[in-house]
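Subject: Structure handover

Hello,

Here is the structure I promised to pass on. Please open it first, then read the notes below it.

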Amino acid sequence: MPSRNSTPHILACITPHGFGHAAQITTVLNSLRTQIKNLQISLMSGAPLDLLKSRLRPPFSLYPMPHDPGMLMADALGVQPDASLEAHRNILEDWESIIAELEKQVAIIQPDLVIGNIPYTIPVVCNSLKIPCINLCSLN
């Protein structure tokens, strides 16, 4: 993986909808860490820090993932469709400023590659900043 820095740097953006997204991407990151020496990992997520620490071998940096509600949950299995629709509608109504805010955050982090699982704002940001982006989830 070519790097702008001497240390390759991956930013993983993880939706907080349930814990499966974090479980999936941390498995990939742990595998990459065994294959790429000195891999720097940053996470952008609203997932609980304790969950991330239990899944991803350190070290890693954690940044908040604003504007990614995923699906708002009523409990472990039940979604709140009306509240989720409203949250996503709010993102779309303020799209330009949200993307600009995320662009600033990602530019500060300076990753060589972004892996998303799977906030829909991140590919737009990566395209704008000319950063390679891979989206993955259990359905693709």
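Which residue in β4 is the bridge partner of Cys-13? Gly-116 is. Keep in mind that this is a predicted model.

The sheet

That pair sits within an open sheet of five strands. The order is β3-β2-β1-β4-β5, and the pairing is parallel. β3 (61–63) and β5 (133–135) stand at the edges. Each has a single partner strand, so one side of each is left without a neighbour in the sheet. On average, neighbouring strands are turned by 20° against each other, direction ignored.

From β1 to β3

β1 and β2 are joined by six bridges and run parallel. Here Cys-13 turns up again: Met-44 in β2 stands opposite Cys-13. The chain segments β1, helix α1 (residues 20–35) and β2 form a β-α-β unit, and this unit is right-handed.

Next comes β2 itself, residues 40–45. Five of its six residues are buried, so β2 is largely enclosed by the rest of the structure. Three bridges pair β2 with β3, again in the parallel sense. Leu-62 in β3 faces Leu-43 across this pairing. To get from β2 to β3, the chain passes through helix α2 (residues 49–55). This β-α-β crossover is right-handed.

From β1 to β5

Now the other direction. β1 and β4 run parallel and are joined by five bridges. The Cys-13 and Gly-116 pair from the opening question belongs here. From β4 the chain crosses through α5 to β5, in a right-handed β-α-β crossover.

How many residues of β4 are buried? Five of the five are, so β4 is largely enclosed by the rest of the structure. Both of its faces are covered. Leu-113, Ile-115 and Asn-117 lie on one side, and Val-114 and Gly-116 on the other; all are buried.

β4 (residues 113–117) also pairs with β5, through three bridges and in parallel. In that pairing, Ile-115 stands opposite Ile-134 of β5. Helix α5 (residues 122–129) packs on the sheet. α5 touches β1 (9–14), β4 and β5. The direction of α5 makes about 165° with that of β5.

A place to start

Look at Cys-13 first. Met-44 in β2 is opposite Cys-13, and Gly-116 in β4 is its bridge partner. Then follow the strand order outward to the edges, β3 and β5.

Best wishes

Conventions:
Residues are numbered from 1 along each chain as its sequence is written. This is a predicted model: local features need pLDDT of at least 70, side-chain atom pairs count only at pLDDT 80 or more; totals for chains, interfaces and linings use all residues. Side-chain values use heavy atoms; hydrogens and water are left out. Two strands pair if DSSP finds at least two bridges between them. Helices (H or I, at least four residues) and strands (E, at least two) are DSSP runs, numbered from the N terminus. Axes are lines fitted to C-alpha atoms, for helices over the stretch in contact, and angles run from 0 to 180 degrees between N-to-C directions. Contact means heavy atoms within 4.5 Å. Buried means under 20% relative accessible area, exposed over 50%, partly exposed in between (1.4 Å probe, protein chains only). A crossover is right-handed if, with the strands pointing away from the viewer, the path from the first strand over the helix to the second runs clockwise.
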